[in-house]
Amino acid sequence: MSPALELRSSGMLCWHPSDQFALKPRPRPRPRLRRLRPGRPRPLAGRPARPPPKLLHVSFNQDHTCFAAGTGHGFRIYNCELFREIFRRDFGGGGGGGGGVGVVEMLFRCNILALVGGGPAPEYAPNKVMIWDDHQSRCIGDLTFRAAVRSVRLRRDRIVVVLEQTVFVYNFADMKLLHQIETIANPKGLCVVSQTAGSLVLVCPGLQKGQVRIEHYASKRTKFVMAHDSRIACFALSQDGKFLATASTKGTLIRVFNAVDGTLLQEVRRGADRAVIHSLAFSSTAQWLAVSSDKGTVHVFGLKVNSGSTGNDASGSASDSSSVVTSSNSSRSFFRGVLPKYFSSEWSVAQYHLREGSPYIVAFGHEKNTVVILGMDGSFYRCQFDQVTGGEMTQLEYHNFLESQAS
């Protein structure tokens, strides 16, 4: 009997390993889940409450309904819309004696996660991807590599592991290696995958500076796009894999491409000064694009792409989208070719100002015109923008998630 993923009526994926399972079994059970009462702190008896742990990693799940945090002694899972800590796992006794998790990748809201050790006292070797089953409260297997794992991406049918110069694509059902991709040096582990069932699109750095590689597995096509003159700093893919947004290490311009044929659809300007772009995110309909950087400002840009028209007629939709972008700036068309490109740039519709210095990542919320912002200082913001008047976003919610308690 070969291993398989089974979808129960509860909607939770369950893993069934067998003797032929490609991963190494991990029979040693981990600490049981500790459910905490809402609003009730849990300090150690006779001792002051411990300070918040060091945050090593934070990331959203695939539909942005949850996010995961890797800490110096474990990991935690949180809900986004009705903010709360769902559960946590503290390794190494939870008392600062190790247990660091440097990568946590969720699979939507199911019980399967991918973990990679991190920090000065990692729970697992940094060259291993551990498959954690929270129903069993333990790791059920691992994948071992010759170099440190930079990131992991999950789909319901694929596991993607990113090393500094290689990307590995595995089938989730039997852990068979399907594809190995060589890339330029990629210390940040840049890689994104589409989440629409049956149409895997994967984007990773190419072999040249400023180049991205787009893999269309359904049609077995590879597309290389020279997106920037400088090195790629960040990119994002729409949920359906039709649109790609990229930023370079210069950090002034964001470019949006048709991911099917590589056509440049739109170019927007974050600012005039150099910046480190920390994250890019499409809204679910690709109507909006959010950008966060080390300048402490989250920008929301309006996009002129039609998420329903790309399909197989890629060239036609790309040219149509481009014409929309041009006509949208008709009020400035007189100045094009006369003034520098900076003056005719497309600027953000809405902004939210944060404290500079801390890295932030951003995603769109499920409530209309909302964004969720996560900081490496433990901050959680939920903000709303007015798509008509624009300007400064309204803060709806703020929490320090490192100080929260599970419910």
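This report walks through a few strands and residues of a predicted model.

## Strand β4 and its surroundings

A good place to begin is strand β4, which covers residues 66-71. Of its 6 residues, 6 are buried, so the strand is largely enclosed by the rest of the structure. In a regular strand, side chains alternate between the two faces of the sheet. In β4, one side carries Cys-66, Ala-68 and Gly-70, while Phe-67, Ala-69 and Thr-71 lie on the other. Both faces are covered, and the residues on each are all buried.

## The partners of β4

What joins β4 to the strands around it? Strands of a sheet pair through backbone hydrogen bonds, either parallel or antiparallel. Strand β3, made of residues 55-60, runs antiparallel to β4 and is joined to it by 5 bridges. If you look for Leu-55, you will find it opposite Thr-71 of β4. The hairpin of β3 and β4 has 5 residues between the strands, and His-64 in this hairpin takes a positive phi near 65°.

Strand β5, residues 74-79, also pairs with β4: the two run antiparallel, with 6 bridges between them. Here Cys-66 stands opposite Asn-79 of β5. The hairpin from β4 to β5 passes through 2 residues.

## An open sheet of four strands

Further along the chain, 4 strands make up an open sheet, arranged in the order β15-β16-β17-β18 with antiparallel pairing. Its edge strands are β15 (192-193) and β18 (221-226), each of which pairs on one side only.

You can follow the start of this order residue by residue. Strand β16 spans residues 201-205 and runs antiparallel to β15, with 2 bridges joining the two. In one of the pairings, Val-193 has Leu-202 of β16 as its bridge partner.

## A closer look at Asn-171

Is Asn-171 buried or exposed? Its relative accessible area is 18%, and buried means under 20%, so Asn-171 counts as buried. Asn-171 belongs to strand β13, which runs over residues 166-171.

Which residues does Asn-171 touch, leaving out those up to four places away in sequence? The contacts are Asp-157, Arg-158, Lys-176 and Leu-178.

## Cysteines

How many disulfides does the model have? With a disulfide taken as a pair of cysteine sulfur atoms within 2.5 Å, the count comes to 0.

Two cysteines can be visited here for their burial. Cys-234 has 7% relative accessibility and counts as buried. Cys-383 is buried too, with a relative accessible area of 0%.

Methods. Residues are numbered from 1 along each chain as its sequence is written. This is a predicted model: local features need pLDDT of at least 70, side-chain atom pairs count only at pLDDT 80 or more; totals for chains, interfaces and linings use all residues. Side-chain values use heavy atoms; hydrogens and water are left out. Two strands pair if DSSP finds at least two bridges between them. Buried means under 20% relative accessible area, exposed over 50%, partly exposed in between (1.4 Å probe, protein chains only). Contact means heavy atoms within 4.5 Å.
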